[in-house]
Amino acid sequence: QVQLVESGGGLVQAGDSLRLACAASGVTFSRYTMGWFRQAPGKERESVAYILWSGSSTNYADSVKGRFTISRDNAKNTVYLQMNSLKPEDTAVYYCAADARRMSTRDYWAVYAYDSWGQGTQVTVSS
């Protein structure tokens with residue numbers, strides 16, 4: 001399994017930006033599809049975005065499309081989530097996830113598609 005450590009969370013005001021980072025270790029990072037998920041209190045964990053192992057495809061939840069950007073730097077074994085125009089409803093614990101299996105692109109939206117998870121980083125957006 002890959003070890004994942006998120007960073008970059010914090011408390012910001014609506015309209016501000018944050019960049020989350022997730023550093024991976026212990027594996028060949030370029031073989032892994034990476035996803036960002038979030039979980040708000042009392043809600044299920046939901047997919048935010050993912051990027052394929054090749055970097056050739058990125059996908060976003062409708063709620064963040066146009067505001068968030070996922071990217072990866074394989075030389076640094078790191079995946080990023082740039083979050084702009086943050087809203088109070090973006091408040092959640094954000095998790096990165098990794099998996100090396102090849103599956104249908106629709107499967108990567110699901111929690112079950114990833115076998116490695118970070119510990120999470122809190123993002124709080126005040127109104």
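**Exercise 1. Decide whether Ser 116 counts as buried or exposed, then work out what surrounds it.**

Start with the accessibility: Ser 116 comes out at 3% relative accessibility, so it counts as buried. The cut-offs are under 20% relative accessible area for buried and over 50% for exposed, with partly exposed in between (1.4 Å probe, protein chains only). A quick word on the source: this is a predicted model, where local features need pLDDT of at least 70 and side-chain atom pairs count only at pLDDT 80 or more, while totals for chains, interfaces and linings use all residues. Residues are numbered from 1 along each chain as its sequence is written, and side-chain values use heavy atoms, with hydrogens and water left out.

Next, place the residue. Ser 116 belongs to strand E10 (residues 116–117). Strands (E, at least two residues) and helices (H or I, at least four) are DSSP runs, numbered from the N terminus.

Now look for partners. The Ser 116 side chain makes a polar contact with the backbone nitrogen of Val 2, at 3.4 Å. That term covers N or O atoms within 3.5 Å; within protein, one must be able to donate a hydrogen and the other to accept it, and residues adjacent in sequence count only if both atoms are side-chain atoms. Setting aside neighbours within four places in sequence, Ser 116 touches Gln 1, Val 2, Leu 4, Cys 96, Ala 97 and Ala 98, where contact means heavy atoms within 4.5 Å.

**Exercise 2. Find out how many disulfides the structure holds, and which parts of the chain get tied together.**

Count first: there's one disulfide, the term being a pair of cysteine sulfur atoms within 2.5 Å. Cys 22 and Cys 96 are the partners, with S to S at 1.9 Å. The torsion about their S-S bond is about 45°, so this disulfide is right-handed.

Then map the ends: Cys 22 sits in strand E3 (residues 18–25) and Cys 96 in strand E9 (residues 92–99), so the link ties parts that are 74 residues apart in sequence. Both Cys 22 and Cys 96 are buried.

**Exercise 3. Work out which strands pair with E4, and in what sense.**

Two strands pair if DSSP finds at least two bridges between them. E4 and E9 run antiparallel, joined by seven bridges; one example is Met 34, which stands opposite Ala 98 in E9. E4 also pairs with strand E5 (residues 46–51), again antiparallel, over five bridges, and here Arg 38 has Glu 46 as its bridge partner.

The E4–E5 hairpin has six residues between the strands, and Gly 42 takes a positive phi near 75° there. As for burial, six of the seven residues of E4 are buried, so the strand is largely enclosed by the rest of the structure.

**Exercise 4. Trace the aromatic pairs around Tyr 114.**

The structure has six aromatic pairs. Rings of Phe, Tyr and Trp (its six-membered ring) pair if their centres lie within 6.5 Å; planes under 30 degrees apart count as stacked, over 60 as edge-to-face and the rest as tilted.

Take Phe 37 and Tyr 114: they're edge-to-face, 5.4 Å centre to centre with 80° between the planes. Phe 37 is in strand E4 (residues 33–39) and Tyr 114 in the loop between E9 and E10, 77 residues apart. Phe 37 is buried at 0% relative accessible area, and Tyr 114 is buried at 4%.

Step on to Trp 117: its ring centre is 6.2 Å from that of Tyr 114, with the planes at 70°, so this pair is edge-to-face too. Trp 117 is partly exposed at 25%. Zooming out, Phe 37, Tyr 50, Tyr 108, Trp 109, Tyr 114 and Trp 117 form one aromatic cluster.

**Exercise 5. Identify which charge lies over the face of Trp 117.**

That's Arg 45, at 4.9 Å from the ring centre. The criterion asks for NZ of Lys or CZ of Arg within 6 Å of the ring centre and within 35 degrees of the ring normal. Arg 102 does likewise over the ring of Trp 53, 3.7 Å from its centre.
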